[in-house]
Protein chains: 2
Amino acid sequence: MGLREKKAQRSRDRIVTEALTLFGKNGYEQTTMESIAEAAELSPSTLYRYFPSKDLIVLQRFTDYSEQFARVFAEYSLRHPVDEALAEAIFAVLEVEDSRSAETLLVRSIIDEAPIARARLWDYLAEQQRQLGKLIAQRMRAKESDLRVKLTAQLAIMIAGLAADQWRADAGKRPSRATAENLMRLFQDREVIFPRPAAKSARPRQTPNNR
Amino acid sequence: MGLREKKAQRSRDRIVTEALTLFGKNGYEQTTMESIAEAAELSPSTLYRYFPSKDLIVLQRFTDYSEQFARVFAEYSLRHPVDEALAEAIFAVLEVEDSRSAETLLVRSIIDEAPIARARLWDYLAEQQRQLGKLIAQRMRAKESDLRVKLTAQLAIMIAGLAADQWRADAGKRPSRATAENLMRLFQDREVIFPRPAAKSARPRQTPNNR
DNA sequence: TTGATTTTGATAGTAACTGTCAATTGACAT
DNA sequence: ATGTCAATTGACAGTTACTATCAAAATCAA
């Protein structure tokens, strides 16, 4: 790796670190791109070249984390069934988040208070979901447009998201892997209520999901 | 209703209509708030008083539609089990979208090309999900923080979203109710792959989900 | 070292949004 | 009808995220 790439990498990293600090101290809206540039010791022009928009700075950590997800799934699914590979990928990404708890909590708190950044995160996750859908489709030998593929991809992202939320709710005390396993068990044991059309026959039906 | 409220209502409506037309014609980014104000025959100041941000203009239709959702669910769930009430609410909101197909397709196409508006939509849906979670929690006599509650709420929104996507994909030809029913059947018949941790025992397990 | 190429920074400009205040309009009692 | 009060509107000035352009500086290849 040449000197150029090395410097670029360090600049990216420094920008994110300094920006997160400022966001945490003064709030997202109150922190200007100019002040971030100053803190990271480069010109606004250069800052914009690294991060075309303010919210991408906050999202950077997420993109770091979730690179793991796709990578682990792709590898693991070569030798194991899809459902297990998804579980592994979920565990992997959650573990990375857990291990950098201070930073993760900071980023989460920023996102909670910054509607634009939060919105961008959702959009990013939707894109991740599409990427995951591609991989799942390959592995299931189904089309990417197959509804089962989309459902599975969305479920995986959902579980990871809920586990991460839960982890944050108890301030990082409990490992999110346990929560994720719990969520998976809920599906396995059918303890989740699925939307379901009313039966058309006159005879009353069993409702194991709801009492 | 006084004259004041009436005028306000008409202004809101006019703004959205004119704005959607302009977005469709020139694109979201290319359409300035000033030009929207001009088209709706009011000053930029007033426009900003009605819609604090540009993306909210696009989202307005969605908020219209999904008021239905919560309302139908709340009513129906009084006399029917939760799973059926969710299905009814999903059908109801999809039917509204289907019935205004031209506008719905326009709004969708705008959102596809406008990252900010799209991102805001996700964020709005997340808020909807929380609202739905409250209702479901009441009905299930569970806490709002219960993971089963969150899963169910998210699943309902997910199914509605996927059905709407599908509807748009075949340009409004097929009713989205059919797609939604299909999605629900997939869950019912377990034709969806759920993430699932590998069994810890040495004995190989059955894998009905994956072959 | 030299020459080509890439990265940086200075500058100017656009448009989304905010805040303030005076003018206007609708509501309402007399 | 008319005067009074409250709410709505619009004009104006300012901030900031973001874009485009181009010359200066740093890096790479020889």
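When I say contact, I mean heavy atoms within 4.5 Å. I will be talking about a predicted model, and I will start with one residue in chain B before moving to the DNA.

The residue is D55(B), and its place is in helix 4 of chain B, residues 54-76. What does D55(B) touch, leaving aside its neighbours within four places in sequence? The partners are Y28(B), I116(B), A117(B) and R120(B). With R120(B) there is also a polar contact, side chain to side chain, at 3.4 Å. Is D55(B) buried or exposed? The relative accessible area of D55(B) is 5%, and buried means under 20%, so D55(B) is buried.

Now DNA strand C. This strand is surrounded by 18 residues, and the closest are S45(A), T46(A), R49(A), L3(B) and K54(B). Two helices each supply at least two residues of the surface near DNA strand C: helix 3 of chain A, residues 44-50, and helix 1 of chain B, residues 3-26. Helix 3 of chain A gives the most, with 4 residues. Sorted by class, the surface near DNA strand C has 6 nonpolar, 7 polar and 5 charged residues.

On the strand's side, take the atoms of DNA strand C within 4 Å of the protein: 65% of them belong to sugar or phosphate, and the rest to bases. Some individual distances to phosphate oxygens follow. For T46(A), an N or O atom in the side chain is 2.4 Å from one. For L3(B), a polar backbone atom is 3.0 Å away from a phosphate oxygen. For K7(B), a polar side-chain atom lies at 3.2 Å from a phosphate oxygen.

Next, DNA strand D. Around DNA strand D there are 18 residues, of which L3(A), R4(A), K54(A), S45(B) and T46(B) come nearest. Here the helices that each supply at least two residues of the nearby surface are helix 1 of chain A, residues 3-26, and helix 3 of chain B, residues 44-50. Which helix gives the most to the surface near DNA strand D? That is helix 3 of chain B, with 4 residues. The classes near DNA strand D are 6 nonpolar, 7 polar and 5 charged residues.

Of the atoms of DNA strand D within 4 Å of the protein, 61% are sugar or phosphate, and the rest belong to bases. S43(B) has a polar side-chain atom 3.1 Å from a phosphate oxygen of DNA strand D. Y50(B) also places a polar side-chain atom 3.1 Å from a phosphate oxygen of that strand. For R49(B), the polar side-chain atom lies 3.1 Å from a base oxygen of DNA strand D.

Note on methods. Residues numbered from 1 in each chain as written. Chains lettered and ligands numbered in written order. Predicted model: local features only at pLDDT ≥ 70, side-chain atom pairs only at ≥ 80, totals over all residues. Heavy atoms only, no water. Buried < 20%, exposed > 50% of the residue type's maximum accessible area, 1.4 Å probe, protein only. Polar contact = N/O pair within 3.5 Å; in protein donor to acceptor, adjacent residues only side chain to side chain. Near = heavy atom within 4 Å. Nonpolar A, V, L, I, M, F, W, Y, C, P; charged D, E, K, R; others polar.
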